[in-house]
Each structure stands twice: as structure tokens, then as C-alpha cells.
Amino acid sequence: MTVEYRQVFFGDEPLTVDAAAQILVVAFHDRSLAWPTVSAAYGTMNEFAQDQHIAFGAFADSSLVGWIGATPSYNGNVWEIQLLGVTPEWQRNGIATALVRILISALVHVGCHTVCVWCDDESKS
């Protein structure tokens with residue numbers, strides 16, 4: 001099955017917001033305390049509906065199967081990758097790698113000089 005990648009605008013795509021929130025829950029359910037329910041994930045999704053965030057999604061048969069999101073700082077010279085999630089059944093297929101590459105390419109195009117990735121310490125273990 002072919003996977004298509006495109007920029008997503010969560011403020012304009014309510015069905016994609018639902019799918020992205022669900023991905024946060026299922027992709028991190030055994031790793032993080034951050035999104036125990038879809039309701040909890042909606043707070044994060046509301047942040048990504050704002051204009052200053054950028055997100056890209058991976059779609060299989062028009063269903064969102066993974067996404068990545070970043071936030072700017074230092075006047076857009078530095079961007080922080082805040083979220084990267086892929087549904088378990090689509091993991092280990094290169095989707096996360098492709099999303100990172102697409103995001104970095106887009107950020108370079110808008111003048112980004114540095115991309116940061118932070119790891120959360122809210123682990124279930």
C-alpha cells in the first residue's frame with residue numbers, strides 16, 4: 001500500500017485532528033503518561049491547530065497513520081520537533097524517518113538553522 005505525505009493543518013481538518021489524537025494515545029500508551037486518553041490528547045492537538053506550528057502527516061488509503069509536528073523559536077531560526085507518532089501497525093516501515101526528512105526539508109526552506117528534539121521523562125517504567 002502506498003503512503004502519501006503532506007502538510008496538515010489541524011485547524012482546518014477536524015477528522016485529521018481526531019486521528020492524530022488517537023495516534024498519540026496508541027503510539028505512546030506503553031511509553032508515556034502524557035496521553036492516557038483521546039481527551040487528554042486533544043489539548044496537544046489544540047496547540048498544533050495554531051498558526052505557528054507546522055505538521056506533516058502520513059496517509060494510507062486517506063487515513064492518517066503517522067504525523068510529526070514542530071514549533072518555532074528564536075524568530076523561526078530554531079524549530080523544536082515536539083511530536084512524532086506512528087500507529088503500531090504501521091511502525092517499522094520507514095514512516096517516521098520519512099516524516100522527519102520531509103519536516104526538516106520544509107523547515108530549511110523557511111530559513112530554519114537548527115532543529116531540536118527533546119525527550120520527555122514522563123515514562124511509565
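**A walk through one predicted chain**

Hi everyone, let's start with charge. The chain carries 13 negative and 5 positive side chains, and the centres of these two sets are 10 Å apart. Here Lys and Arg are the positive ones and Asp and Glu the negative ones, while His and the chain ends are not counted. Each charge is placed at NZ of Lys, CZ of Arg, CG of Asp or CD of Glu.

A quick word on where this comes from. This is a predicted model, where local features need pLDDT of at least 70 and side-chain atom pairs count only at pLDDT 80 or more, while totals for chains, interfaces and linings use all residues. Residues are numbered from 1 along each chain as its sequence is written, and side-chain values use heavy atoms, leaving out hydrogens and water.

Now the fold. Along the sequence you meet β-α-α-β-β-β-α-β, which gives three helices and five strands. These are DSSP runs numbered from the N terminus: helices are H or I with at least four residues, strands are E with at least two. The chain is as compact as a globular protein of its length, because its radius of gyration is 14 Å, close to the 14 Å that the globule rule gives for 125 residues. That radius is taken over C-alpha atoms, and the rule is 2.2 Å times the number of residues to the power 0.38. The C-alpha atoms fill a box of roughly 35 × 35 × 30 Å along the principal axes.

What share of the 125 residues is buried? The answer is 40%, where buried means under 20% relative accessible area, exposed means over 50%, and partly exposed is in between (1.4 Å probe, protein chains only).

Let's zoom in on T16, which sits in helix α1, residues 14-28. T16 has a relative accessible area of 9%, so it counts as buried. Beyond its neighbours within four places in sequence, T16 touches R6, V8, F10, F59 and L64; contact means heavy atoms within 4.5 Å. Across the chain, 59% of contacts between residues at least 6 apart in sequence join residues at least 24 apart.

Last, the cysteines. How many disulfides does the structure hold? Zero, with a disulfide being a pair of cysteine sulfur atoms within 2.5 Å. For C112, the nearest cysteine sulfur belongs to C116, 8.3 Å away. Is C112 buried or exposed? C112 is buried, at 10% relative accessibility, whereas C116 is partly exposed at 23%.

Thanks for listening!
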